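Reader: Hey, I've got a protein model open and no clue where to start. Can we walk through it together?

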Amino acid sequence: MIQHSQLSSENLRSKIHSRDICFGGNKKLKIYGLLSCRSGKRMKMENRVFFADEKEALQNNYRPCGHCMKEVYKKWKKSIVNR
């Protein structure tokens, strides 16, 4: 997990292009989603974190975004309700 405040704009673009970063998240809400998500783009920089893959986000106890990852979110929600 990489915090947005630790990256320069240039470094962030480089990591996205090289696919070192594939998902973004909100560290206060513990939600992760696609980098293209409108909800994710509106969050404050100090709350934004980045992940290499979904596995990393899930290992850090983040849940999928209900806007940009609807199917994954539904599966996650169903698994929580059935506990």
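Author: Sure, let's start with R19, which sits in the loop between helix 1 and strand 2. Keep in mind that this is a predicted model.

Reader: OK, so what's the phi of R19?

Author: R19 has a positive phi of about 65°, although it is not a glycine.

Reader: And is R19 buried or exposed?

Author: R19 counts as exposed because its relative accessibility is 65%, and the cut-off for exposed is over 50%.

Reader: Which other residue has a positive phi without being a glycine?

Author: N61 is one, with a phi near 65°. You'll find N61 in the loop between helix 3, residues 54-59, and strand 5, residues 63-64. N61 has a relative accessible area of 61%, so it is exposed too.

Reader: Let me zoom out. How many helices and strands does the protein have?

Author: The protein has four helices and five strands. Reading from the N terminus, the order is β-α-β-β-α-β-α-β-α.

Reader: How does the radius of gyration fit with a compact globule?

Author: The protein has a radius of gyration of 13 Å, and a compact globule with 83 residues would be near 12 Å, so the two agree. If you want box dimensions, the C-alpha atoms fill roughly 45 × 25 × 20 Å along the principal axes.

Reader: What share of the residues is buried?

Author: Buried residues are 29% of the 83 in the protein.

Reader: Give me a buried one to click on?

Author: Try H4, in the loop between strand 1, residues 2-3, and helix 1. H4 counts as buried because its relative accessibility is 12%, and the cut-off is under 20%.

Reader: Which residues does H4 touch, leaving out those up to four places away in sequence?

Author: H4 touches L12, M45, R48, V49 and F50.

Reader: Those numbers jump a lot! What percentage of contacts comes from residues 24 or more positions apart?

Author: Among contacts with a separation of 6 or more, 56% are between residues 24 or more positions apart.

Reader: Can you show me a pair like that?

Author: Take R63 and K30: they are 33 residues apart in sequence, yet their C-alpha atoms are 6.3 Å apart in space. R63 lies in strand 5. Skipping residues up to four places away in sequence, R63 touches K30, I31, Y32, Y73 and W76.

Reader: How accessible is R63?

Author: R63 counts as partly exposed because its relative accessibility is 23%.

Reader: Now something in helix 4, please.

Author: V72 is in helix 4, residues 70-81. With a relative accessibility of 33%, V72 counts as partly exposed. Beyond residues up to four places away in sequence, V72 touches Y32, E54 and P64. The C-alpha atoms of V72 and G25 are 15 Å apart, with their positions 47 residues apart along the chain.

Reader: What about K55, where is that?

Author: K55 lies in helix 3. K55 counts as exposed because its relative accessibility is 57%. The C-alpha atoms of K55 and K44 are separated by 24 Å, and the two are 11 residues apart along the chain.

Reader: New topic: pockets! What's the volume of the largest pocket?

Author: The volume of the largest pocket is about 380 Å³. Its lining has 23 residues, and C37, S39, G40, K41 and M43 lie nearest the centre.

Reader: Which elements supply at least two residues of that lining?

Author: They are helix 1 (9-17), strand 2 (23-26), strand 3 (31-34), helix 2 (38-41) and strand 4 (48-51). Strand 3 gives the largest share, four residues.

Reader: How many of the lining residues are nonpolar, polar and charged?

Author: The lining of the largest pocket has 11 nonpolar, nine polar and three charged residues.

Reader: Last one: what does the UniProt annotation cover?

Author: The UniProt entry, which is unreviewed, annotates residues 23-69 as "domain: Ada DNA repair metal-binding". In the model, residues 23-69 are 21% helix and 30% strand, and the end C-alpha atoms of the span lie 11 Å apart.

Reader: Cool, I'll go and click through those. Thanks!

Conventions:
Residues numbered from 1 in each chain as written. Predicted model: local features only at pLDDT ≥ 70, side-chain atom pairs only at ≥ 80, totals over all residues. Heavy atoms only, no water. 1 Å grid on protein atoms, 1.4 Å probe; cavity = no way out; pocket = protein on both sides within 12 Å on 5 of 7 lines; lining within 4 Å. Points joined across faces, edges and corners; volume = space filled by probe spheres on them. Nonpolar A, V, L, I, M, F, W, Y, C, P; charged D, E, K, R; others polar. UniProt positions renumbered as here; feature names shortened; annotations may be inferred. Buried < 20%, exposed > 50% of the residue type's maximum accessible area, 1.4 Å probe, protein only. Rg over C-alpha atoms; globule rule 2.2 N^0.38 Å. Contact = heavy atoms within 4.5 Å.
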